[in-house]
Amino acid sequence: MSTVVVKLGIGNTASVMFALERLNAPAILTDDPARIADAKRIILPGVGAAAHAMDLIAQKGLRDILCAFKRPLLGVCLGQQLLFDSSEEGDAEGLALLPGRVKRLPASKEAPAPHMGWSKLKIEQDNPLLEGVEDGAYAYFVHSYVCPMDSNTIASAAYGQIFAAIVNRGNAYGCQFHPERSSAVGARILANFLSLPC
Amino acid sequence: MPARRIIACLDVKGGRVVKGVRFEGHTDAGDPAELALRYRDEGADEIVIYDIAASAEGRTIDYAWLARVARVLDVPLCVAGGIRTLDQAIACLEHGADKVSINSPALERPEFITELANVAGSQCVVLGVDSRSDNGAWSIYQYTGDVNTIRRTSRHTLDWVVEAQERGAGEIVLNCMDKDGTRDGYDIAQLAAARKLLSIPLIASGGAGAARHFPEVFAGADVSGALAASIFHFNKVSIGEAKLATHAGGFEVRT
């Protein structure tokens, strides 16, 4: 069994693969349902828009596999958003591994959208994913939609409003930012994910 | 605003980093992967690799060296240069780019912005703009990578950036050619005019020559980031010094 990165379609999956390579944790990039079901851990990167990504998940026969997966699962960027019940983006139904609806981030003069750049992580609760990560550490965000804050939020970020930057419920984890492009902080979070017991 | 971004641009020609003044007379400034890592170590918030001759030579960037840089880099990477089809843009993402910057091809066929945004998401689509003042108005230039191909278009800069935003661009890099390579500061008037019309992030380009130019452009034009090339390549100002000055000017920077 190995770490599997789900290949949905177009996205910066190469960035994720390179980041895992830098951690000496080579992964398999695949959309094969059998290999995904059999993975030690799954990373679900973001691809395009929510409705389109959910369509791809359905077409590839991955929805039930992702929902039933018992070992650690990490959604990155849009991948985190897909873990929730639903998204305003294309009125998409999500994987419903976390409760709540993903909403559009309104653009304003103070906060141009998409939120593109480095923002601080505010740690909301202890979690193995945050081992060695300091409160106020910077992470690289690129997104136009935000996940709701609730008891599953383990770190938040502020941009126009406060939103869930890292979430965890059961075996499902999510990062709204791009750990693969968040320098040493991102590498640490990815390494922590790879160290989760499974 | 998130932390203001200091972005290092590597202008690449023939696989080497080059830098000229006002887009002409390029000189050698080093190896792309080595420089990208050096800038990462110095605190660059993002790296842009720009194959300056690709558009003028009718080709796209070299995916092999793109992947070579992407493999070692752990900060965002944007690529630019001759990307004119969806397949080319997707190939860039598949070789490790996080964002794709398009310029001349978007001027040839503005629908390309929308097509790319629909497939890859607006966050992947950066519009590069080369703009120069002509008779009191800012105009768009095309094929700027080569002195023999450069030409002025009939487009006005402020109209074009708004159109690009409406068509789905996720970010604009406004390169003010009158300032490029002059090292006497960013074109704050032009950038502020564009910023007023945009709700997507705007990045300043062209003219950085001293650390103080960074807080000046953040204060004067309220841009999300400032891009520079030659001052970093030739060690006139380090990225760390640019960030310190920006912070001292009252702006948040990533530390």
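Around the buried residues of helix H5 of chain B lies a covering that includes helix H3 (86-94), strand E6 (99-102), helix H4 (104-108), strand E7 (125-134) and helix H6 (157-167) of chain B. The model in which this packing appears is a predicted one, and helix H5 is a convenient place to enter it. The helix runs over residues 111-120 of chain B, and its buried residues are Phe112(B), Ile113(B), Leu116(B) and Ala120(B). When one looks down the axis of H5(B), these buried residues fall within an arc of 105°, so they line one face of the helix. A general property of helices helps in reading this pattern: an α-helix has 3.6 residues a turn, so residues three or four places apart point the same way. Directly after H5(B) comes Gly121(B), which has a positive phi, near 95°.

A second helix of chain B, H2, can be read in the same manner. In H2(B), which spans residues 63-72, the buried residues are Leu66(B), Val69(B) and Ala70(B), and seen down the helix axis they fall within an arc of 100°, so they line one face of H2(B). What covers these residues includes, from chain B, helix H1 (32-42), strand E4 (46-51), strand E5 (77-80) and H3, and it also includes H1 of chain A. With this helix, then, the description reaches the other chain, to which the text returns below.

Chain B also holds a run of parallel strands linked by helices. Strand E10 (residues 171-176) of chain B pairs with E11(B) in the parallel sense over four bridges, and within this pairing Asn175(B) has Ser205(B) of E11(B) as its bridge partner. The two strands, together with helix H7 (residues 188-197) of chain B, make a right-handed β-α-β unit. On to the next strand, the chain crosses from E11(B) through helix H8 (residues 213-221) of chain B to E12(B), and this β-α-β crossover is right-handed as well. E11(B) and strand E12 (residues 225-228) of chain B run parallel and are joined by three bridges, with Ala204(B) standing opposite Ala226(B) in E12(B).

How are the two faces of strand E11 of chain B, residues 202-205, covered? In a regular strand the side chains alternate between the two faces of the sheet. In E11(B), Leu202(B) and Ala204(B) lie on one side and Ile203(B) and Ser205(B) on the other, and all of them are buried, which leaves both faces of the strand covered.

Taken as a whole, chain B has a secondary structure of ten helices and twelve strands. Its radius of gyration is 16 Å, close to the 18 Å that the globule rule gives for 255 residues, so chain B is as compact as a globular protein of that length. The C-alpha trace of chain B spans about 40 × 40 × 35 Å along its principal axes, and 60% of the 255 residues are buried. Among the contacts in chain B between residues at least 6 apart in sequence, 66% join residues at least 24 apart.

Chain A, for its part, contains six helices and 14 strands. The radius of gyration of chain A is 15 Å, close to the 16 Å given by the globule rule for 198 residues, so this chain too is as compact as a globular protein of its length. Its C-alpha trace spans about 45 × 35 × 30 Å along the principal axes, and 56% of the 198 residues count as buried.

Within chain A, an open sheet of four strands with mixed pairing has the order E6-E5-E7-E11. Strand E6 (92-93) and strand E11 (145-146) of chain A stand at the edges with a single partner strand each, so one side of each is left without a neighbour in the sheet. E6(A) pairs with strand E5 (residues 84-87) of chain A in the antiparallel sense over two bridges, and there Ser87(A) stands opposite Ala92(A). In the loop between strand E7 (98-104) and E8 of chain A is Glu110(A), which counts as exposed because it has 9 C-beta neighbours inside 10 Å.

Finally, the two chains meet: 32 residues of chain A are in contact with 29 residues of chain B. On the side of chain A that touches chain B, helix H1 (13-22), strand E8 (115-120), strand E10 (138-143) and helix H6 (183-195) each supply at least two residues. By class, that side of chain A has 18 nonpolar, eleven polar and three charged residues.

Technical notes: Residues numbered from 1 in each chain as written. Chains lettered and ligands numbered in written order. Predicted model: local features only at pLDDT ≥ 70, side-chain atom pairs only at ≥ 80, totals over all residues. Contact = placed C-beta atoms within 7 Å. Nonpolar A, V, L, I, M, F, W, Y, C, P; charged D, E, K, R; others polar. Pairing = 2+ DSSP bridges. Rg over C-alpha atoms; globule rule 2.2 N^0.38 Å. Buried ≥ 20, exposed ≤ 12 C-beta atoms within 10 Å, placed from the backbone. Right-handed = clockwise from strand over helix to strand, strands pointing away. Arc of directions from axis to C-beta.
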